[in-house]
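Got your viewer open? Load the model, switch to a cartoon view, and get ready to click around.

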Amino acid sequence: MVKALALALALAAQPAAPVTQSPGVEKPVQPVPTDIRRVTLIVRDIDASLRLYRDVVGLKVNYDTVVETSGVALPAGEPGARARLVLLNGNDAWVGWIGLMQWIDPPLADPGPYPRRMGIGGHVIVMNTDDVERRCAAAAKLPGIAMTAPSRLQVYPGRNGAPPIRVKGCNFFDPDGTLIEMNQLLK
């Protein structure tokens, strides 16, 4: 009895295993015509961004190079400028990537402080992770991170008659003003 109680307490104290599929969302029978491969963030300091996205979030660097930009197709910088481009991925080798891009020669003009409130044209990157408490705490310690909500439990209505969606997560602005919602789906 004592051993069973100790085992039950030990299991209850362990973090919940991450859920990898959202309840009530089924894989389409027919593929949709478009996948969203990645979002590329224009950053001031790519090494600072890597400390967040690679070291804290846990994404894997799969490409790191310097490219010459046209200033036209990607309307930033001047023609012939050089920029460092780093691509990172999570668990999927095809979709869900984040690109980081910093103009290095010549650098882009610093736009000044980023807003710390969302508005039209703003964006939120929502991530699922395996250990939200640890990753949120680590993110909060990085320079330039502005936490907007600490790690907490949120419950959303289920989709298509599924049970409620239970999420533990935090929200913060990265050093360049991108709002991140970092979640761990719970059972």
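Here is a tour of this predicted model, one selection after another.

**Stop 1: three strands side by side**

Start by selecting residues 165-173, which make up strand E7. Is this strand mostly covered or mostly open? It's mostly covered: seven of the nine residues in E7 are buried.

Now add residues 146-156, strand E6. E6 and E7 pair in the antiparallel sense, with eight bridges between them. To see one spot in this pairing, click arginine 152 and look across to E7, where glycine 169 stands opposite.

Next, bring in strand E8, residues 179-186. E7 pairs with E8 as well, again in the antiparallel sense and over eight bridges. Try phenylalanine 172 here: its bridge partner in E8 is isoleucine 180. Then follow the chain through the hairpin of E7 and E8, where five residues sit between the strands. One residue to pick out in this hairpin is glycine 177, with a positive phi near 95 degrees.

**Stop 2: arginine 84 and its partners**

Time for some charged side chains, so show them as sticks. Side chains of opposite charge can pair when their charged atoms come close. How many salt bridges does the structure hold? There are nine.

Select arginine 84 and aspartate 47 together. They form a salt bridge, and their closest N and O atoms are 3.3 Å apart. This pair links distant parts of the chain: arginine 84 is in strand E3 (residues 82-89), aspartate 47 is in helix H2 (residues 46-56), and 37 residues separate them. Aspartate 47 is partly exposed, at a relative accessible area of 39%.

Keep arginine 84 on screen and add aspartate 64. These two side chains also meet in a salt bridge, at 2.7 Å from N to O. Aspartate 64 lies in strand E2 (residues 60-68) and arginine 84 in E3, so this pair ties together parts that are 20 residues apart in sequence. Aspartate 64 is partly exposed too, with a relative accessible area of 42%.

For a network rather than a pair, select Arg44, Asp110 and Asp176, which are linked by salt bridges.

**Stop 3: along helix H2**

Go back to helix H2 and look at its start. Here a side-chain oxygen of aspartate 45 reaches to within 3.1 Å of the backbone nitrogen of aspartate 47.

Which residues of H2 are buried? Color Ile46, Ala48, Ser49, Leu50, Leu52, Tyr53 and Val56 to see them. As you turn the view, keep this in mind: an α-helix has 3.6 residues a turn, so residues three or four places apart point the same way.

Just after H2 comes glycine 58, which takes a positive phi of about 100 degrees. Leave glycine 58 selected, as you'll want it again soon.

**Stop 4: the loop between E5 and H3**

Now find the loop between strand E5 (124-128) and helix H3 (132-140), and click threonine 129. Threonine 129 is buried, with a relative accessible area of 11%. Its side chain makes a polar contact of 3.3 Å with the side chain of aspartate 130.

Aspartate 130 is found in this loop between E5 and H3. Unlike threonine 129, which is buried, aspartate 130 is partly exposed, at 40%. A polar contact of 3.0 Å joins the side chains of aspartate 130 and arginine 135. Back to glycine 58: its C-alpha atom is 9.7 Å from that of aspartate 130, with their positions 72 residues apart along the chain.

While you're here, select aspartate 131 and arginine 134. They form a salt bridge, with the closest N and O atoms 3.2 Å apart. Aspartate 131 is partly exposed at 23%, and so is arginine 134 at 47%.

**Stop 5: threonine 69, then the surface**

Jump to the loop between E2 and E3 and select threonine 69. Is threonine 69 buried or exposed? It counts as buried, at 8% relative accessibility. A polar contact of 3.4 Å joins its side chain to that of tryptophan 103. Leaving aside neighbours within four places in sequence, the contacts of threonine 69 include Pro79, Ala83 and Met101.

Last, turn on the surface and color Ile42, Leu74 and Leu108. They make a nonpolar surface patch of about 210 Å². Isoleucine 42 is found in strand E1 (residues 38-42), and it is partly exposed, with a relative accessible area of 35%.

How values were computed. Residues are numbered from 1 along each chain as its sequence is written. This is a predicted model: local features need pLDDT of at least 70, side-chain atom pairs count only at pLDDT 80 or more; totals for chains, interfaces and linings use all residues. Side-chain values use heavy atoms; hydrogens and water are left out. Buried means under 20% relative accessible area, exposed over 50%, partly exposed in between (1.4 Å probe, protein chains only). Helices (H or I, at least four residues) and strands (E, at least two) are DSSP runs, numbered from the N terminus. Two strands pair if DSSP finds at least two bridges between them. A salt bridge is a side-chain nitrogen of Lys or Arg within 4 Å of a carboxyl oxygen of Asp or Glu. A polar contact is a pair of N or O atoms within 3.5 Å; within protein, one must be able to donate a hydrogen and the other to accept it, and residues adjacent in sequence count only if both atoms are side-chain atoms. Contact means heavy atoms within 4.5 Å. Patches are made of residues with over 30% relative accessible area and no salt bridge: like charges are joined within 9 Å, nonpolar side chains (Val, Leu, Ile, Met, Phe, Trp, Tyr) within 5 Å. Accessible areas come from the Shrake-Rupley method with a 1.4 Å probe; for residues, only the protein chains shown count as cover.
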